[in-house]
Amino acid sequence: MANVTLRNVRKTYTGGFEAIKGVNVDVADGQFCVLVGPSGCGKSTLLRMVAGLETVTGGEIDIGGRVVNQIEPADRDIAMVFQNYALYPHMSVYNNMAYGLRNRGMAEAEIKTRVAEAARVLELSAMLERKPRQLSGGQRQRVAMGRAIVRQPKVFLFDEPLSNLDAKLRIAMRVEIRKLQRRLNTTSIYVTHDQLEAMTLADVLVVMNGGQVEQVGNPLAIYEKPATTFVASFIGAPPMNLMSTRPDEIKSQLGGSATEADIVGIRPEDFVITDQAPAGGVALPLTVEAIERVGAETFVYGSREQEDQRVAATPGELPPGEIIVRIPGTDAPAIGQKIRVAAVRPKLHLFSADGRTRIEA
Amino acid sequence: MQKQAIFQSKLLPYALVAPQLAIVLIFFYWPALQAVIQSFLLQDAFGLSTSFVWFENYIELFREPAYFEAVVRTFFFSFAIAISSLSFALLLAVMADKPLRGSMLYRTLLIWPYAVAPPVVGVLWIFMLHPSLGVISRYLRAAGVDWNPLLDGNQAAGLIILSAAWKQISYNFLFFLAGLQAIPKSVFEAAAIDGARPMRRFWTVTFPLLSPTIFFLLVINIVYAFFDTFGIIDTMTRGGPGTSTVTLVYKVYSDGLLGGNLGSSAAQSVVLMIMVIVLTGIQFRFVERKVTY
């Protein structure tokens, strides 16, 4: 049980590359913190710094009121679950879990109780004598979890633990991890590039980009009020539609205090297909380019007449001028049809020209 | 998984393997067969008459005390060479595996000695340790050590073991380094987080995970020490002083070519051949099964 505090943490490699550019994060005791961001954003590096596997070149990492910058990984009282599980291939499941306890000189009887308890929780009791290679991906993942929980550490660290699993198992394990963490009430830091995992697991969500924290907060609060265009397009699938207000009709529709905004973002589900332009909102004419029906909802891909409406430098997948509209059910306009979509004022996200500042209208 | 190539002509596949088969037949099977035949023959001292004597050469050989001395000596040399070169190479590989500046350079330097031919290795070590020429010998003598491998059999044996092991370090190093790099880094990291100190990490994680490599290299090194040390022995000691560095292979050479006893020499090489077959058999049998984790 401990809180984890990162104070202006930095990592500069010997070549001069700055991987982490001053990160401040505060994870309270028992909270589940998720670091999310595109690959190369530094989230894994940051986690490995907390684990003690990477040196800290600036700032302080504080676990349970103790600065651990110079402390060996073994003495930080943390446990880590690796992406490739990092099980000891030559040891049985039992020994994999017992290894960390034996290294700390725990009595065999106590080890046995702890491993048996972890195995029961993770439904591994029947396979304690097996070697990792005789297990499925999901079982290996659970052994890796077991190795972490038998230690009863202050903090769990997860480095993309689910990305080697297939989609179905990933969802099941995601729920398992959350339930387990709630029950053990152990402070956890979890790294993922999957925004859905991030949204569903986090008490505190930390969105990272280019070695910096873009936004910290409750996942739903971030979803509802993204602070930057990066966060806006990274959190949420399909991504938020981001459009420049400058060269076209959007700005004239906005009016009022929103006139200094240069970028407007609208989530696909906030559009409605309608001919009525809502007051203070935005209405756009679109030509339907493609339709994706996934059962409960349908995605309409439309193009706008004007080019260059899309804001660059986001991890979104849309080409410029393309808009995604998400509508419930399966009723959708035909391809090639000209439609009008509209979003009401409270659903608009306004940003400055560089996308770094959110403007509250 | 088996891939099956489809050939239009039935002769083509045979034609393709023919050159390799020819090489193996002419340079391996044929001399081997010659040796087997020779081992059943006895020649008189002048090579004028040859008679077929069945197993007499073998019986004679096994009655000869010098042969048993050579057997014991060869096994001792082999294990000494294998174990010293394996452990030193493993130490170097573990060190070189660490992320250090310029690691490519000294990895390359550590591999180089493998390209040196055995007789050259012999000459190199002679320059260093010859009682009157050697650089190191002078310091040894200055330090009060009665260093003279030309007269002292034990010192000569030590010299052979040292130089043969030195040469093999590069080869072992290469395999160990590859073996170490095949182990995911995260396994070592997990062990570090699990509270295992470096020495314990080595013995409980690195060493067991390298055991297939170690076993493979052990067999390879023993075979090397049995056969490929001939060049080193011939340049450094010629089996001497006395017979203190005569190994089985060197005995084949000295009895046959120097002593003119072709029958016994052939019988000895047949015995050696059987040993290699057994060693290779062990290799194939165990490398696949027992040692894998």
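Two strands count as paired when DSSP finds at least two bridges between them. That rule is handy for the sheet views below, and keep in mind throughout that this is a predicted model.

**View 1. Strand 7 of chain A sits alongside strand 8 of chain A, and the two run parallel.** Here we're looking at residues 155-159 (strand 7 of chain A) and residues 187-192 (strand 8 of chain A), joined by five bridges. To get your bearings, find Asp159(A): across from it, in strand 8 of chain A, is Val191(A).

**View 2. Zooming out from that pair brings in an open sheet of six strands in chain A.** Reading across, the strand order is 6-7-8-3-9-10, and the pairing is mixed. Strands of a sheet in general pair through backbone hydrogen bonds, in either a parallel or an antiparallel way. Which strands sit at the edges? Those are strand 6 (78-81) and strand 10 (212-217) of chain A, each with pairing on one side only. On average, and ignoring direction, neighbouring strands of this sheet are turned by 15 degrees against each other.

**View 3. Strand 9 and strand 10 of chain A make a hairpin.** Strand 9 of chain A covers residues 204-209, and five bridges tie it to strand 10 of chain A in the antiparallel sense. Right by the turn, Asn209(A) has Gln212(A) of strand 10 of chain A as its bridge partner. Two residues lie between the strands, and one to look for in the turn is Gly210(A), with a positive phi of about 55 degrees.

**View 4. Helix 4 of chain A packs against helix 5 of chain A.** Two packed helices are described by the angle between their axes and the distance between those axes. For residues 137-149 (helix 4 of chain A) and residues 167-184 (helix 5 of chain A), the angle is about 15 degrees and the axes are 11 Å apart. Angles under 35 degrees count as roughly parallel, so helix 4 and helix 5 of chain A are roughly parallel to each other. Their crossing is right-handed. Who does the touching? On the helix 4 side of chain A, it's Gly137(A), Gly138(A), Gln141(A) and Ile149(A), and helix 5 of chain A answers with Leu169(A), Met173(A) and Leu184(A). By class, the contact has four nonpolar residues, three polar ones and no charged ones.

**View 5. Pro132(A) lies in the loop between helix 3 and helix 4 of chain A.** Helix 3 of chain A spans residues 108-121. Is Pro132(A) buried or exposed? Buried is the word, because Pro132(A) has 20 C-beta neighbours inside 10 Å, and 20 or more is what it takes. Setting aside neighbours within four places in sequence, Pro132(A) is in contact with Leu87(A), Pro89(A), Arg140(A) and Val143(A). As a ruler for this view, use Val115(A): 17 residues from Pro132(A) in sequence, and 16 Å from it in space, C-alpha to C-alpha.

**View 6. Gly58(A) lies in strand 4 of chain A, residues 58-63.** Gly58(A) has 16 C-beta neighbours inside 10 Å, so it counts as partly exposed. Not counting residues up to four places away in sequence, Gly58(A) touches Asn8(A), Val9(A) and Arg10(A). Lys179(A), by contrast, is 121 residues along the chain from Gly58(A), and the two C-alpha atoms are separated by 35 Å.

**View 7. Chain B meets chain A here, with 15 residues of chain B in contact with 18 residues of chain A.** Helix 8 (185-193) and helix 9 (198-227) of chain B are the elements that each give two or more residues to chain B's side. Helix 8 of chain B gives the most, with six residues. Sorted by class, chain B's side has ten nonpolar, two polar and three charged residues.

**View 8. For context, here are the two chains, starting with chain A and its nine helices and 19 strands.** The C-alpha trace of chain A spans about 75 × 45 × 35 Å along its principal axes, and 43% of the 361 residues count as buried. Chain B comes to twelve helices and two strands. Its elements start at the N terminus with α-β-β and carry on with α. The C-alpha atoms of chain B fill a box of roughly 75 × 75 × 30 Å, and 30% of its 293 residues count as buried.

Definitions and conventions: Residues are numbered from 1 along each chain as its sequence is written. Chains are lettered from A and ligands numbered from 1 in the order in which they are written. This is a predicted model: local features need pLDDT of at least 70, side-chain atom pairs count only at pLDDT 80 or more; totals for chains, interfaces and linings use all residues. Axes are lines fitted to C-alpha atoms, for helices over the stretch in contact, and angles run from 0 to 180 degrees between N-to-C directions. Helices (H or I, at least four residues) and strands (E, at least two) are DSSP runs, numbered from the N terminus. Angles under 35 degrees count as roughly parallel, over 145 as roughly antiparallel, 65 to 115 as roughly perpendicular and the rest as oblique. A crossing is left-handed if the near helix is turned anticlockwise from the far one by less than a right angle, and right-handed if clockwise. Two residues are in contact if their C-beta atoms, placed from the backbone, lie within 7 Å. Ala, Val, Leu, Ile, Met, Phe, Trp, Tyr, Cys and Pro count as nonpolar, Asp, Glu, Lys and Arg as charged, and the others, Gly among them, as polar. A residue is buried if 20 or more other C-beta atoms lie within 10 Å of its own, exposed if 12 or fewer, and partly exposed in between; C-beta atoms are placed from the backbone.
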